[in-house]
Amino acid sequence: MTLQRRLLVYLMLCAPLVWVVAFAISFDRARDEVDELFDTELIRLVRQVHALLPPDGDASRVSFGELPKMPKTGDASSGAAEMNDFAIAVWDRTGRRVLDHDGNGLEHKPGRNGFVNETHGGEVWRVYYLSSASGAWHVAAGQLDHERDELVYDVTLSQLFPWIVMLPVLIGAMAWAVRRALAPMQHLAYQIGHRGADDLTPIATERQPGELLPLLDAMNGLFKRVADVLARERRFTGDAAHELRTPLAALRAQWDVVRRAAPGPSRAHAEERLASGLDRMDRLVAQLLMLARVESVRPGSAAPAKDEINWRSIVEEVVADCLPLAERRHIEIVCEWPPDDRRALPMLGSRPLLAVMLRNLLDNAVRYATGHTTVSIRFTETGLTVDNDAAAIPPEHFARLGERFHRVEGQAESGSGLGISIASRIAALHGLVVAVGPQPGGRGFCARVQFAP
């Protein structure tokens, strides 16, 4: 069921229900007002009759025979009055009925004062009794109860009729208002439904209802994230295709050399070069997969992990991974920790990703260090550094070390040119920055990791 139809159903159910409740409240209030009016009139009438009676209770001095004859209902002199709906009765102190002017036979109830509902002739009467101060007279005035109901019905039905007539108009007006109110949503659905698959431009929020702004902001944020992902995917695909083309061509050429080489030193050399090419291809593919993994992690999704980082266990793992390469190149790896048992770079984050970050920095330092030297990992309370001893790198190359697939020319060791890019991306996910540069003496390489300012 659409939202528009659901709103219409709710309004069509609720409007008559509220209308019936309002009618019931109006009927109850009207009945209270009518009772108040007629009860007041009965009290005044009984007191006026008492004022006309002799205070000594001498019934002989009272003559109701002089009263004009009551007109009958329907006579021209009675107007629209219902003469049988009202009654007055007077009794003396002995209980003798002195007056029963309307002939309705109200029952004498000695000592009764106030209002009482009684049944006479099968009909309910509202009767007010009042005794004189001396007890000489007892007067009662009554009215048929249905007369009051009839008045209340007439008043409320006179108000009800216009509402019944206008109810279809009200429902039609609500249907029109609902359609008009939901028109921006229909327009928005049309816009989105007719968009192209690659159209990720933000939706304009000007002149949109305030209720839709949170939804539009969320959709525009989603479009931006999807556009960023697509851009990264396209860049990664282009970079991977470009970087894999050359190693694959080289492997094919080396394989051809191996196939044609005669057994002996030349074939052994060709096989060694093929194995080296396969190692480079293996490292390149592994780095590309790692880059794709860290690129798919949204900023802030890794750092909020509630893992408290234990750098000692990470260093043990990373050094063990890089130890074969270090032994082959005769590199000694040392690690320095903060003095006095102070914690090394305390932080929360993703342990696997931070291990990858440190492994890339250490592998890069060991791979390109001068043989028979030392690579150092130094921790402080606010950061860590990884440095080596190697030939000086031209300054223009340091500015490009973070670029993907950029490698310093003249390096004997194979590499993918992705290690620092991957480390920088993981650092950014944890609110860290990676800065690279030469050692203080101008030689070698030093990578500094610290919290972003």
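Trainee: How much area does the protein expose, and what share of it do carbon and sulfur atoms supply?
Mentor: Keep in mind that this is a predicted model. The protein exposes about 26,700 Å². Of that area, the share supplied by carbon and sulfur atoms is 58%.

Trainee: What share of the residues is buried?
Mentor: A residue counts as buried under 20% relative accessible area. The protein has 453 residues. Buried residues make up 36%.

Trainee: How many helices and strands does the protein have?
Mentor: Both kinds of element are present. The count is nine helices and 10 strands.

Trainee: Which residues form a nonpolar patch on the surface?
Mentor: Together they have about 400 Å² of accessible area. The members are Phe-161, Val-165, Met-166 and Val-169.

Trainee: Is Met-166 buried, partly exposed or exposed?
Mentor: Met-166 lies in helix H2, which covers residues 145-181. Buried means under 20% relative accessible area, and exposed means over 50%. Met-166 has 45%, so Met-166 counts as partly exposed.

Trainee: Where does UniProt place the feature "transmembrane region"?
Mentor: The entry is unreviewed. In the model, the chain over residues 7-27 is 100% helix and 0% strand. The end C-alpha atoms there are 30 Å apart. UniProt places the feature at residues 7-27.

Trainee: Which is buried and which is partly exposed, Cys-322 or Cys-335?
Mentor: Cys-322 has a relative accessible area of 3%. For Cys-335 the value is 28%. The cut-off for buried is under 20%. Therefore Cys-322 is buried, and partly exposed is the class of Cys-335.

Note on methods. Residues are numbered from 1 along each chain as its sequence is written. This is a predicted model: local features need pLDDT of at least 70, side-chain atom pairs count only at pLDDT 80 or more; totals for chains, interfaces and linings use all residues. Side-chain values use heavy atoms; hydrogens and water are left out. Patches are made of residues with over 30% relative accessible area and no salt bridge: like charges are joined within 9 Å, nonpolar side chains (Val, Leu, Ile, Met, Phe, Trp, Tyr) within 5 Å. Accessible areas come from the Shrake-Rupley method with a 1.4 Å probe; for residues, only the protein chains shown count as cover. A salt bridge is a side-chain nitrogen of Lys or Arg within 4 Å of a carboxyl oxygen of Asp or Glu. Helices (H or I, at least four residues) and strands (E, at least two) are DSSP runs, numbered from the N terminus. Buried means under 20% relative accessible area, exposed over 50%, partly exposed in between (1.4 Å probe, protein chains only). UniProt positions are given in the numbering used here, feature names are shortened, and annotations may be inferred rather than shown by experiment.
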